[in-house]
Amino acid sequence: MSVRMRRIYDAPESDDGLRVLVDRLWPRGLAKDEAHVDEWPKGLTPSTELRTWYHGGGSYEEFRHRYEAELDAPEAAELLDGLRKAARRKRVTLLTASKRPEQSHAQVLLELLKG
């Protein structure tokens, strides 16, 4: 399975494969035609309430726990399964605007997809 994570502000690379934006909001200052996003599954992103809680000073470990619980919901679970299937066929690049991707929901997704 080939999955990686990158910041969406980084220039696309030829080996990105399927480029999937995993943020609920479109990144500031980035034109949609410049982003080269193939999929934008908003149902896979953390809820607004969870994002607000985390950015308000919540711990990453608790955020991770709550986010994984949200990913058990039927729509999110189906989308996650779709990404797993895609990653078995080709590289999937998870894209995020997060300034600290390693402490974000994108990292949680990356780890879940890699198993």
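**A friendly note on this predicted model**

1. Let's begin with one residue: at a relative accessibility of 8%, Leu18 counts as buried, because buried means under 20% relative accessible area. Please keep in mind as you read that this is a predicted model. You will find Leu18 in strand S2. Leaving aside residues up to four places away in sequence, Leu18 touches Asp38, Glu39, Ala86, Lys90, Arg91, Val92 and Thr93. Now look for Trp53 as well: Leu18 and Trp53 are 35 residues apart in sequence, and their C-alpha atoms are 30 Å apart in space.

2. Next, step back to the whole chain. How many helices and strands are there in the protein chain? The chain has five helices and three strands. Starting at the N terminus, the order of the elements is β-β-α-α-α-α-β-α. You may like to trace that order on the structure with a finger.

3. What about overall dimensions? For 115 residues, a compact globule would have a radius of gyration near 13 Å, and the protein chain has 13 Å, so the two agree. The C-alpha trace spans about 35 × 30 × 20 Å along its principal axes. Of the 115 residues, 40% are buried. Among contacts with a separation of 6 or more, 60% come from residues 24 or more positions apart.

4. A word on surface and charge. The accessible surface of the protein chain comes to about 6,500 Å², and carbon and sulfur atoms account for 47% of that surface. The chain carries 20 positive and 20 negative charges, whose mean positions are 2 Å apart.

5. Back to strand S2, where Arg19 deserves a look. Arg19 is in strand S2, which covers residues 18–21. Is Arg19 buried or exposed? Arg19 is buried, because its relative accessible area is 4% and the cut-off for buried is under 20%. The side chain of Arg19 makes a polar contact with the side chain of Asp16, at 2.4 Å. Beyond its sequence neighbours up to four places away, Arg19 touches ten residues that you can pick out one by one: Arg6, Pro12, Glu13, Ala35, His36, Val37, Asp38, Glu39, Thr93 and Leu95.

6. One of those contacts of Arg19 is His36, and His36 has a backbone angle to check. His36 is in the loop between helix H1 (32–35) and helix H2 (48–55). The phi of His36 is near 55 degrees, a positive value in a residue other than glycine. Most residues other than glycine have a negative phi. With a relative accessible area of 45%, His36 is partly exposed.

7. Now turn to helix H5, which covers residues 105–114. Why can we say that H5 is largely enclosed by the rest of the structure? Because seven of its ten residues are buried. Those buried residues are His105, Ala106, Gln107, Val108, Leu109, Leu110 and Leu113. They pack against strand S1 (3–7), helix H3 (60–70), helix H4 (74–89) and strand S3 (92–96).

8. The ends of H5 have details of their own. At the N-terminal end, Ser104 caps the helix: a side-chain oxygen of Ser104 lies 3.2 Å from the backbone nitrogen of Ala106. Just after H5, Gly115 takes a positive phi of about 75 degrees.

9. Two residues inside H5 make a nice pair to read together. Ala106 is buried, with a relative accessible area of 0%. Setting aside residues up to four places away in sequence, Ala106 touches Met5, Val22, Leu94 and Thr96. Ala106 and Asp33 are 73 residues apart in sequence and 22 Å apart in space, C-alpha to C-alpha. Gln107 is also in H5 and counts as buried at 14% relative accessibility. With the usual exclusion of residues up to four places away, Gln107 touches Met5, Tyr60, Pro101 and Glu102.

10. Last, find Leu112 in H5. Leu112 is partly exposed, because its relative accessible area is 26%, and partly exposed lies between the 20% and 50% cut-offs. Apart from residues up to four places away in sequence, Leu112 touches Glu68, Leu71, Leu80 and Arg84. Leu112 and Arg84 are 28 residues apart in sequence, while their C-alpha atoms are 9.2 Å apart in space.

Terms used. Residues numbered from 1 in each chain as written. Predicted model: local features only at pLDDT ≥ 70, side-chain atom pairs only at ≥ 80, totals over all residues. Heavy atoms only, no water. Helix = DSSP H or I, 4+ residues; strand = E, 2+ residues; numbered from the N terminus. Buried < 20%, exposed > 50% of the residue type's maximum accessible area, 1.4 Å probe, protein only. Contact = heavy atoms within 4.5 Å. Rg over C-alpha atoms; globule rule 2.2 N^0.38 Å. Areas by Shrake-Rupley, 256 points an atom, 1.4 Å probe, with all protein chains shown as cover. Lys, Arg positive; Asp, Glu negative; His and termini not counted. Charge placed at Lys NZ, Arg CZ, Asp CG, Glu CD. Polar contact = N/O pair within 3.5 Å; in protein donor to acceptor, adjacent residues only side chain to side chain.
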